[in-house]
Amino acid sequence: MSNLYILDHPLIQHKITYIRDVNTGTKQFRELVNEVSMLMGFEITRNLPVKTTEVKTPVTTCESQVLTGKKIGIIPILRAGLGMVDGLLELLPAAKVGHIGLYRDPETLQPVEYYIKLPTDIQERILIVVDPMLATGGSANDAIDSLKKRGAKSIKLMCLVAAPEGVKLIQENHPDVDIYLGALDESLDEDGYIVPGLGDAGDRLFGTK
Ligand code: PRP
Ligand code: URA
């Protein structure tokens with residue numbers, strides 16, 4: 001079963017409150033999503049492999065740790081996942097970025113894939129799939145299927161807000177994928193929106209409504 005991490009750090013929770021707020025405009029929404037993504041990045045990178053090396057300080061030499069250089073890939077689900085990329089790149093500047101374009105059909109709520117472009121060596125990378133919303137879970141589930149079909153072996157999923165239905169779907173279909181959330185909300189409404197949620201993440205990020 002995938003591990004589920006709800007990142008309850010006060011700074012993350014504070015910023016998510018303002019992201020939810022209907023009175024938060026596009027500019028501030030985008031800045032907050034960026035900042036929360038960076039803060040969540042601290043947790044998602046907690047178990048990156050390290051090795052011990054010797055370092056000479058001005059005083060003496062000692063053993064200390066450095067990253068082993070395990071390669072990372074950040075995979076935003078378009079559109080809204082784009083808002084989470086820069087925050088993670090602040091922490092992981094050498095990461096490569098792959099894109100998966102999916103939209104939810106408004107009638108069926110089923111995801112439709114319209115674009116995919118990935119780093120060529122995804123099978124060697126730790127992939128972090130990012131999308132602000134995990135609602136029915138259909139989009140993230142399809143994105144993870146697509147990555148696995150192309151050879152991905154290590155995948156994490158990072159979302160700002162999720163519904164229980166989405167978490168359940170990923171845990172059932174992808175028990176090897178750990179899930180990192182800023183908040184786990186109550187439910188979905190009849191249109192597939194997360195309640196209380198934050199509304200349409202793509203529209204709020206890009207000002208399209
Ligand atoms: C939103 C969101 C997720 C998806 C979540 O994207 O960014 O990708 O819905 O819903 P699900 O868990 O039920 O699949 P949307 O389809 O609105 O596309 P957009 O990002 O281009 O606005
Ligand atoms: N997609 C969104 O952007 N918001 C939701 O609440 C659900 C799906």
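1. A quick definition to start: helices (H or I, at least four residues) and strands (E, at least two) are DSSP runs, numbered from the N terminus. With that in hand, R79 can be placed in the loop between strand 4 (72-78) and helix 3 (85-91). The peptide bond that joins L78 and R79 is cis, with omega about -5°.

2. Before going on, please keep in mind that this is a predicted model, in which local features need pLDDT of at least 70 and side-chain atom pairs count only at pLDDT 80 or more, while totals for chains, interfaces and linings use all residues. Residues are numbered from 1 along each chain as its sequence is written, chains are lettered from A and ligands numbered from 1 in the order in which they are written, and side-chain values use heavy atoms, with hydrogens and water left out.

3. Now to ligand 1. It is surrounded by 15 residues, and the closest are R104, D131, T136, G137 and S139; a residue counts here if one of its heavy atoms lies within 4 Å of the molecule. By class, this shell holds six nonpolar, five polar and four charged residues. The classes work like this: Ala, Val, Leu, Ile, Met, Phe, Trp, Tyr, Cys and Pro are nonpolar, Asp, Glu, Lys and Arg are charged, and the others, Gly among them, are polar.

4. Which residues make polar contacts with oxygen atoms of ligand 1? A polar contact is a pair of N or O atoms within 3.5 Å; within protein, one must be able to donate a hydrogen and the other to accept it, and residues adjacent in sequence count only if both atoms are side-chain atoms. R104 uses a polar side-chain atom, 2.7 Å from a ligand oxygen. G137 has a polar backbone atom at 2.8 Å from an oxygen atom of ligand 1, and a backbone N or O atom of A80 lies 3.1 Å from one. Taken alone, ligand 1 exposes 500 Å², and the protein buries 90% of that; such areas come from the Shrake-Rupley method with a 1.4 Å probe, and for residues only the protein chains shown count as cover.

5. Which elements give two or more residues to the shell around ligand 1? They are strand 6 (99-104), strand 9 (133-134) and helix 4 (138-149).

6. Ligand 2 has its own surroundings: R104, M133, A135, G192, Y193, I194, G199, D200 and A201. Sorted by class, they are five nonpolar, two polar and two charged residues. R104 is also among the closest residues to ligand 1.

7. Backbone atoms of three residues can be followed to ligand 2. I194 places a backbone N or O atom 2.8 Å from an oxygen atom of ligand 2, and a polar backbone atom of A201 is 2.8 Å from an oxygen atom of the ligand. For G199, a polar backbone atom is 2.8 Å from a nitrogen atom of ligand 2. Alone, ligand 2 exposes 240 Å², of which the protein buries 88%.

8. A second cis peptide bond deserves a look: it runs from V195 to P196, with omega near 5°. P196 sits in the loop between strand 13 (194-195) and helix 6 (201-206). L109, in the loop between strand 6 and strand 7, has a positive phi of about 65° although it is not a glycine.

9. Finally, is P119 buried or exposed? P119 counts as buried because its relative accessibility is 13%; buried means under 20%, exposed over 50%, and partly exposed in between (1.4 Å probe, protein chains only). P119 belongs to the loop between strand 7 (111-117) and strand 8 (126-130). I6, in strand 1 (residues 4-6), has 39% relative accessibility and therefore counts as partly exposed.
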